[in-house]
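Colleague: Could you take me through one part of this model slowly, as you would for someone new to structures? I'd like a close look at how the chains meet.

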Amino acid sequence: MIADEARRSARTGGLTATLTAMHATLADRILPCGPTGCCVLPEPALHDAGRVWTGDTIAALDPVAVERLGTVETPDGPLAAVRYRGVPGPAGTPAPWPDWLAALAGLRLGLSEALLDATVAHLGDRRVGDTPLVLQQMIKGALADAVTEQIEIKVRLTGTPPPAGSLAWLHRQITTADRMLLRLLGASGFTADGPGAVVNASELLADAWIGGEEWAP
Amino acid sequence: MIELDDRLGAARAHARDWARDLRSTALELDRDPDTVYRCLDNPAVRHLSTMLIPAPWLPERTLIGGYRFDGMTAMERVVFAEEIAAGDAGMMLASPGASLSGVLVDLLADQEQKEWFYGRLLAAPTWTFFALTEPDHGSDAAAMGTRLDPDGEGGLLLRGAKRYIGNGARAQVGVVFARDRPGPLGATAVLVETGAPGFKAEPIPTIGLRGAQLSAINLDGVPVPEGRVLGRHLSPTRRGVWSGVQMFNRLRPGVAAIALGIARSAHDYVTEQRGSLSKADRLRWERTGRRIDGVRQLIWRAAAIVDAQPANGHLASAAKARAARLAEEVTLEALEYFGPGARLTQPMLDKLIRDARGVEFMEGTGNIQRLNTFQGLVQGKLDRD
């Protein structure tokens, strides 16, 4: 799934459905783990996995080496967090790493766009005195900053996917845009059944596959 | 640069020791907010449970480093708050005690009300709540929908709903803001017992700061004796908006200090867990440490100003906005010192990231604080000489 498809899917269909669809595009029911073996996927996607990304290549999966780390709650269902502790196999097929990261950025941007839609609706419903919050000058400015951030990310994700190094920065930029919007939602963005839970899951996805961008083992 | 005197220095050192214990229960409290009931003997929790009870009601308070502390000044509160929050901000907010209500009681209650309120707190560990925010109006007091009406028999009845109220579901007593007449001065605060008929509170699950157990409160004709109306001996002006402004000014530096504690905790975590940093990483992280030190100075200055002039909370707003942003930035930056998947494999860091998000909306979001700061600028109250 390319980044723009993932973005559109996530904006309308949500996180779990899009991540499931992204996973379905990978051959052989593969477990796509990040550089340290971490991975966050819908529960059904974990079943029957026969192969695994470890580092840059694809190898046979040792089921015993799949460690369960916990569950990431989202409003449209829980995701499973696991860590693969198996030894990387001999060099095999290269993992489609940049494509996955680009699609993941598209997914996260789509969620961020849905968050913007929800934030604008929320601020349109809330009033201070006779004026909807969304028409307050400071709020207008904050929304403009967030949407500008999103548009910049979208432009960079359109067409040829950016190199992996730039993708790491894009993921960080998506987190920034999300946090800008969450600040406009007040406590309603902090509840476990609200839009803030999706942002938390989105950040965890980025962290599993591309976190610690300046880190070297 | 502000330096602490011996008394506050002793407070800081002791609170820092307490905070180490809090780390051992932080993740447990995050999973299960009821963990606080098993931590009532923790020195930090015990201290919080008697903070904001003035000396006349508790003259034989335990000595800490040779001094007594009652939390009646913002400066004292920020010093403790940073250290305790650096241990676990969740426990800081989960603890029993007068908390936010205590500041309002100190400001508005008459002698009889104080005896009743402090008497409750001294008899046993008692949780309190502070209910201003509403589901449809946020903390916009002018639009508040909760009503306080005469019951026809000399008492009063509360009707309405409150949301995002810390400790609402576990408290025994607290303060509810309601409207008793139209107009901007028509807001009144009353003391309420959670066992009263018509009072119902349920926890709202949150992303972080789960110890605070934010709650939704429903008030369905809760009876309130006239003697529980705070500030009944004061003019409507002084017990309404005036008291609210004073109270939030006094509280805000403490909230800023909680954010600062979370940021420092993340900073300490990297230092402790990633011992062998490259020179470049170490220099970068030291710069972050200096940012934390700078915000601490801002908070101390804001607290000192609020203590000297309670009506001047503009710098407190600037400090709160700055500290809340710092907590988000530093906790996210901390991730960069670990490999991918750190949020899954380093649960304490994950918790700090989630907790940091929660401070943004406590005592007003960043935009509200920016507006307050702007007011301070145009009114010439920011001490820019």
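How many salt bridges are there between chain A and chain B?

Modeller: Happy to! Keep in mind that this is a predicted model. The count between chain A and chain B is 4 salt bridges. One salt bridge pairs R179(A) with E328(B), and their closest N and O atoms are 2.6 Å apart. That pair belongs to a wider network, in which salt bridges with shared partners join R179(A), R183(A), E203(A), D30(B), R210(B), E328(B), R343(B), D350(B) and R354(B).

Now step back to the whole interface. The size of an interface is often given as the accessible area lost when the parts come together. For chain A and chain B, the buried area is about 3200 Å², with 59% of it coming from carbon and sulfur atoms. In terms of residues, 41 from chain A are in contact with 39 from chain B.

E328(B) also has a place in the records: UniProt, in an unreviewed entry, lists residues 246-372 of chain B as "domain: Acyl-CoA dehydrogenase/oxidase C-terminal". This span is 82% helix and 0% strand, and its end C-alpha atoms lie 13 Å apart.

For comparison, here is a salt bridge inside chain B: the side chains of E82(B) and R264(B) meet at 2.7 Å, N to O. E82(B) sits in helix α3 and R264(B) in helix α7, so this pair links parts of the chain that are 182 residues apart. E82(B) counts as buried because its relative accessible area, 2%, is under 20%. R264(B), at 10%, is buried too.

How values were computed: Residues are numbered from 1 along each chain as its sequence is written. Chains are lettered from A and ligands numbered from 1 in the order in which they are written. This is a predicted model: local features need pLDDT of at least 70, side-chain atom pairs count only at pLDDT 80 or more; totals for chains, interfaces and linings use all residues. Side-chain values use heavy atoms; hydrogens and water are left out. UniProt positions are given in the numbering used here, feature names are shortened, and annotations may be inferred rather than shown by experiment. Helices (H or I, at least four residues) and strands (E, at least two) are DSSP runs, numbered from the N terminus. Contact means heavy atoms within 4.5 Å. Buried area is the accessible area (1.4 Å probe) that two parts lose on being put together, summed over both. Buried means under 20% relative accessible area, exposed over 50%, partly exposed in between (1.4 Å probe, protein chains only).
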